[in-house]
Amino acid sequence: MVNMIKQILGKLPRKPSSKSSPGESPADGSIAGSVRSASGRKASFVGSGGAVTAAAAASPVGASNGAVGVVASYEPLPSFRDVPSSEKPGLFLRKLGMCCVVFDFSDPAKNGREKEIKRQMLLELVDYTSTVTSKFNEAAMQEATRMVAANIFRTFSSSTGGEGQRAVEGFEAEEEEPAMEPAWPHLQIVYEFFLRFIASSETDAKIAKRYVDHSFILRLLDLFDSEDPREREYLKMILHRVYGKFMVHRPFIRKAINNIFFRFIFETEKHNGIAELLEILGSIINGFALPLKEEHKLFLVRALIPLHKPKCLALYHQQLSYCITQFAEKDNKLADTVIRGLLKYWPLTNSSKEVMFLGELEEVLEATQEPEFQRCMVPLFRQIARCLNSSHFQSLAWVSALGVAQCLRLCRCVRSWMNIGCYGSLDNHTLVEWTLNPEIVSAAMTFTSKKFFFFHLYTLPFLNII
């Protein structure tokens, strides 16, 4: 019986020991465990060159430019000028580690002192990268790309479509103020650091490519959708440097940009960085070796020419036109492909877009040789004939003057052009303008006599009517 009573009492819960603190509980124990875990992370963080306390080391970094929690201690490190040359590489790593902490810029008054400390350290890193005289080791490259990734890579809100969406909805993009990045005081310096780091002769591309890899490049390309034009300008310069320095990544970069264009053309029609990407491609196309590879010709046909389809063409048409013209100038045989591509996506009701097409067509015609022109001459003049009926004064002015003069320079036989029936669309007012336009008359007389030109100019429309 006594043993049974002892067993029952042994199963009952015991009172807390007098040695334990009055407020201790299982929940408090789990908090203490998390603090110890944070301390362990702190040790590894400092060991890699950081100087941030447990609260800062345990905070999430790189997901966004939001708050990182309470930074208990964020003290400045010595300046590069105050340490011997032998200690500068180590100090460089420590500063990079501290700059991995991302602050919340939605509240300007929050962590003001820490933000200023980080800004000064970033400026010192930029200056050190520009003046360093020894090669960066692998640890420095790894920490540099980690710091850049922690600060710039983030997810954009999908609630607004940016400039592209405003253009699709019929608003003037120029009149809308783009959303500026609140963290730009730090982001700008981070971008400047990375630009100089990539461009530095002390950065070995064979080692750096391990960290500026395909995943890093894809995330870099995603940032081109930022609404802040200042950020897109830096991204453009950085991607251009990456393309030039890492030859092994060039095909991948072209393919990744190609995929961005496909998604923009056929799925979303929303992207803020198409103009900047086309500007990069313009310089890339300019450096293509001759004869052009088949992959480059396919890129023209499958990506660049279909970029004329979206409604927001005005946002990037200047850069697109330059890329298209570069192809026509490098390989004259592509002029026929380009012209037929323009005719395929020719706008039916958008007169302002039609003016852009006509201007681009004029630039392509300047790079077109006679054999290529003759292959696309019939559908081209049929489209010009339709433009002559346009009620938009700019379209009509272009066709009546520069466009026709350019075509006449290429057309060795004026009779073949007249037989297409383009004159049948002219009214008396346009005929008078053509007669008084010295550029058209001189272009036509290059290939035929003045008497022949004016005879057909005035008689053929009436013959077509009859």
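There are 0 disulfides in this predicted model, a disulfide being a pair of cysteine sulfur atoms within 2.5 Å. Take Cys-99: the closest cysteine sulfur to its own belongs to Cys-100 and sits 7.6 Å away, which is too far for a bond. Cys-99 is also buried, at 0% relative accessibility, where buried means under 20% relative accessible area, exposed means over 50% and partly exposed lies in between (1.4 Å probe, protein chains only). Cys-312 is buried too, with a relative accessible area of 3%.

A word on the ground rules. Numbering starts from 1 along each chain as its sequence is written, and side-chain values use heavy atoms, with hydrogens and water left out. Since the model is predicted, local features need pLDDT of at least 70 and side-chain atom pairs count only at pLDDT 80 or more, while totals for chains, interfaces and linings use all residues.

On to the chain as a whole. Its secondary structure comes to 23 helices and 0 strands; both are DSSP runs numbered from the N terminus, helices being H or I over at least four residues and strands E over at least two. Of the 466 residues, 48% count as buried. Contacts (heavy atoms within 4.5 Å) often span a good stretch of sequence: among those between residues at least 6 apart, 75% join residues at least 24 apart.

Next, the helix pairs. Two packed helices are described by the angle between their axes and the distance between the axes. Here the axes are lines fitted to C-alpha atoms, over the stretch in contact for helices, and angles run from 0 to 180 degrees between N-to-C directions.

Helix α11 (residues 229-245) packs against helix α10 (residues 214-222) at an angle of about 155°, with the two axes 10 Å apart. That makes α10 roughly antiparallel to α11; angles over 145 degrees count as roughly antiparallel, under 35 as roughly parallel, 65 to 115 as roughly perpendicular and the rest as oblique. The crossing of α10 past α11 is left-handed, meaning that the near helix is turned anticlockwise from the far one by less than a right angle, with clockwise giving right-handed. On the α10 side the contact is made by Ile-217, Leu-220 and Leu-221, and on the α11 side by Leu-235, Ile-238, Leu-239 and Val-242. By class, this contact has 7 nonpolar, no polar and no charged residues. In this scheme Ala, Val, Leu, Ile, Met, Phe, Trp, Tyr, Cys and Pro are nonpolar, Asp, Glu, Lys and Arg are charged, and the others, Gly among them, are polar.

Helix α11 also packs with helix α8 (residues 184-199), this time at about 15° and with the axes 9 Å apart. That makes α8 roughly parallel to α11, and α8 passes α11 in a left-handed crossing. Residues of α8 in this contact include Trp-184, Tyr-191, Phe-194 and Leu-195, while those of α11 include Tyr-234, Leu-235, Ile-238 and Val-242. The residues of the contact divide into 11 nonpolar, 1 polar and 5 charged. Leu-235, Ile-238 and Val-242 of α11 thus turn up in the contact with α10 and in the contact with α8.

Further along, the axes of helix α16 (residues 335-344) and helix α18 (residues 370-387) come within 9 Å and cross at roughly 15°. The two are therefore roughly parallel to each other, and their crossing is left-handed. Helix α16 brings Ala-335, Asp-336, Ile-339, Arg-340 and Leu-343 to the contact, and α18 brings Glu-372, Arg-375, Cys-376, Pro-379, Leu-380 and Gln-383. The tally is 6 nonpolar, 1 polar and 4 charged.

That leaves the loops. The one between α13 (274-286) and α14 (294-304) holds Gly-287, which counts as exposed at 59% relative accessibility. The C-alpha atoms of Gly-287 and Gln-326 are 10.0 Å apart, although 39 residues separate the two along the chain. Pro-291 is found in the loop between α13 and α14 as well, and the peptide bond from Leu-290 to Pro-291 is cis, with omega near -5°.

Positive phi values crop up elsewhere. Asn-111, not a glycine, has a phi of about 55°; it sits in the loop between α4 (88-98) and α5 (112-131) and counts as buried at 18% relative accessibility. Glu-269, also a residue other than glycine, has a positive phi near 55° and is placed in the loop between α12 (250-268) and α13.
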